[in-house]
Every structure is written in structure tokens, then in C-alpha cells.
Amino acid sequence: MRRAACLLAALAALATAAARAETHRLDDSLTHTVPPNVQMQWRPMQAAADGSGAVEAWVQVNVRLDTRAFAQRSGRVYLVLERDQSSPVEAVWSSQGRLQAGRVVSGERTLVFAGAIPGATLEDQLSMRLRAQTDWQSDQRRLNFHFEFDAD
Amino acid sequence: MFRRLLAPRSIAALMLIAVGSPAAFGWSISLNQASRRVYLHVGNGAPAGNSNATSGPINVVRVNVPANQVGNGVPQAMTSNSTQSTSLQGDGYATCLTPASQLLIGASYQRNNAGGGSAPMSATLRVSSPAVLTNTNGDTIPISEISWTVSAQGSPVPNVIPAGTFNGGSQFLATIPANTYIENCHSFRYANSARRAAGTYTARVTYTVTSP
């Protein structure tokens, strides 16, 4: 019985690894924001009364993804906003057209591209608005993003 | 048999490492929290959402007392040149329906909760006034001859900034709790309690919001 349990655990681990293997974290090391640091601004209190965020800021994101490993493969690219210690941040963006416009909240991911990866790089420029509440752990906060590719 | 059980575990561990290795990728944005901020408008002003906006003109409240009514003890309603009827806090609500006789005053205090909220919990709205109004001949009228009532269309707290009478000094008007906006309409009147020398008497009162 004990050996069977160990074997099942091992198989479960293998199955989990196999399922995750289709999600790849893309090399987005050449992606950067302008400016790299932004100052949040207060929103009118009436506008923020619906819980949509008391402060906001705008940033430009120059996206450059290294997709050489997936060129011509079909799948979906997602933008992920990682969760941190404070209440969720909302990011809403428009694009130049290569990637899709969209919205993502901390701890979630949103589709930005679907289809065959066109080549070695995937580039676009996003105009992103960030909104947050005021319950931060300190006066500064770092938002971590990354891109994921789910192959079909 | 023990070895056969070890092998899959090793494979699984290696695969998890392989999956985890691209974690070096990713990009980030550093955010600086909005600074503590107070906002105030008296009469015509800029919307509360414009962080760098400054106020508009200094509005004038005035009254012309007919010669045959000077000093008869009948209070005289004052008019203003303000045209601000709608709230400046963001919803455009018509708080003061008749700005020619109502001066819309709005104030707010915003702070973040960083570090457990070390910034003060509230701000203070005050008004300061000189002791007298004066004319070009040096004649004076006590500023205490001017008082105001308050109202606010559709508000459950129309007296959030209370009615009062200028006292010739700095006087407390209201506490503004953190992340709240207060506003109402002030209608001024001249008490007209004594005869005065003819002339145009003026004085300037100043409203301030402070957070230590």
C-alpha cells in the first residue's frame, strides 16, 4: 500500500509537470516602461467612490518579446500581473495593434495575442493606465508583470 | 523496489526546476504612492481631480444698502459674482442652484494608508478675517456685521460647514476626515445694525485648509 501511494504521488507530479509544460514564460527582458517610476495621482473622490481605485497613473510599455523558440507555432500569449501584498491593482491598456488592448488585475492574466507566432520577436507599444487603492504597505510599490505563451 | 520509487521523484524534481528556470524573465513598474493632498475652492475654482490646478478668481460678495435703509437694523442679503453652481469634486452635481446669492465652498483631504496610516487622520478648514471693513476715508464697519447661512441642494448634511459670523480673527469652521470631501453653499448678509458714513467698504477674508 505504501509503495503504491509513493508511486501515485510520483505519477501525479509527472502529470502536473506535463500539463504545465505547455505554458511557457516568454523572454521579455527587452520590455521596459517609460518612465520606469511613476507617481500615482489622486482621482476625484466622487469618481473613486465606486471602488475603482483612489489613485492612478499612466505609463508607456515598450513590449519586445523574444519568440524565436515558438516562431510559427500556434497558441496564445497572455500578460500576467503578479499579486503582491496589497490590494489588487488594475491595469488597462491600449495597443498599436500587434497585441490586443485589455485589462488585467493583480493575480490574473489576460489574452494579448492569439494565433501563429509570426517570427522571432513580438513587439508593440502599450499605453497603460494603472489604478489602485491606498492601502499600500509603504509609499513605494513594485508591480511585476510577465508574458506567458500557451501552445495549442 | 526502493530504487524504482526514487527514479520518478528525481525526474519530477528536474522537470520542476526546468519549468521554474525562466522566472528570471519579467518586467516591473515602480509606483510611488500619491502624496498627501488638501484641496479647497471658494466660489469659482478648478476641479478637484486636477492635481496641479490652481484656483480661479477671488470672488466678491457685496451689498448696496439703499440710503433710506442704512442702519435700520434690517439685514441685507449679499450677492456674489461667483458662477459656480456645480460641485467640483467630480460628479458635477448642482449643489448651489443660485450662485449669485450662494458661494459654493468645497474642501477635501486625501492621504494614503502606507505604513499603517501615519499621516494625520484629518485636516482643518478655517477662515480668517480682518477686524473691520474700511472705505477710502478710513471709516470702518466691524466685520462681525457680516454673517452667513448654509445650505446644500440634495445633501443629507447641508451644514457640514456651519453657519457663522466673521469674528475678525482666525476661526474654525470644520474638520475634514481623511479621504472625504465637504461642500455647501454660503449665503452672506450684512446686519445693517448702525448708520455708517457713505462709501464703499471692503475687506478680504481668507479660507484655508491645513493638515499638520
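Start by selecting chain A and colouring it by burial: of its 152 residues, 30% are buried, where a residue is called buried if 20 or more other C-beta atoms lie within 10 Å of its own, exposed if 12 or fewer, and partly exposed in between, the C-beta atoms being placed from the backbone. The model is a predicted one, in which local features need a pLDDT of at least 70 and side-chain atom pairs count only at pLDDT 80 or more, whereas totals for chains, interfaces and linings use all residues. Residues are numbered from 1 along each chain as its sequence is written, and chains are lettered from A, with ligands numbered from 1, in the order in which they are written.

Switch to a cartoon of chain A, and 2 helices and 11 strands appear, helices (H or I, at least four residues) and strands (E, at least two) being DSSP runs numbered from the N terminus. Followed along the sequence, chain A reads α-β-β-β-β-α-β-β-β-β-β-β-β. Of the contacts in chain A with a separation of 6 or more, 77% are between residues 24 or more positions apart; two residues are in contact if their C-beta atoms, placed from the backbone, lie within 7 Å.

Next, select A:Val34 and A:Pro35, and display the backbone atoms: the peptide bond that joins A:Val34 to A:Pro35 is cis, with omega near -5 degrees. A:Pro35 belongs to the loop that runs between β2 (32-34) and β3 (37-39) of chain A.

Now move to β7 of chain A, with side chains shown. A:Ala91 and A:Trp93 point to one face and are buried, while A:Glu90, A:Val92 and A:Ser94 point to the other and are not. To find the neighbours of this strand, select β8 (residues 102-105) of chain A, which pairs with β7(A) in the antiparallel sense over 4 bridges; two strands pair if DSSP finds at least two bridges between them. Within this pairing A:Val92 has A:Arg103 in β8(A) as its bridge partner. Then add β10(A), which runs antiparallel to β7(A) and is joined to it by 5 bridges, with A:Arg131 in β10(A) as the bridge partner of A:Glu90.

From here, turn to the nonpolar core, a set of buried Ala, Val, Leu, Ile, Met, Phe, Trp, Tyr and Cys residues joined through C-beta atoms within 7 Å. In soluble globular proteins, nonpolar side chains tend to be buried together. The largest core has 35 residues, and A:Val77, A:Ala91, A:Met128 and A:Leu130 touch the most other members. Two or more residues come from each of β5 (55-66), β6 (74-81), β7 (90-94), β9 (108-116), β10 (121-132) and β11 (140-151) of chain A, together with β1 (27-32) of chain B. Centre the view on A:Leu130: leaving aside its neighbours within four places in sequence, A:Leu130 is in contact with A:Glu56, A:Ala57, A:Val59, A:Val89, A:Ala91 and B:Leu31. A second, separate core of 28 residues includes B:Leu133, B:Val160, B:Cys185 and B:Tyr190.

Selecting chain B as a whole shows 2 helices and 14 strands, with buried residues making up 26% of its 212 residues. Of the contacts in chain B with a separation of 6 or more, 66% are between residues 24 or more positions apart.

Within chain B, pick out β12, β7 and β14, the 3 strands of an open sheet ordered β12-β7-β14 with antiparallel pairing. β12 and β14 of chain B are the edge strands, each pairing on one side only. Strand β7 (residues 122-128) of chain B pairs with β14(B) over 5 bridges in the antiparallel sense, and B:Thr124 can be found opposite B:Thr210 in β14(B).

Which asparagine of chain B has a phi near 60 degrees, a positive value in a residue other than glycine? Select B:Asn179, in the loop between β12 (170-177) and β13 (180-190) of chain B; B:Asn179 counts as partly exposed because 17 C-beta neighbours lie inside 10 Å. Continue to B:Asn192, which has a positive phi of about 55 degrees although it is not a glycine, and which lies in the loop between β13 and β14 (206-210) of chain B.

Finally, colour by pLDDT, the predictor's confidence in each residue, from 0 to 100. Chain B averages 86, and 84% of its residues score at least 70, but over residues 1-22 of chain B the pLDDT is below 50. For the complex, the predictor gives an ipTM of 0.81 and a pTM of 0.73.
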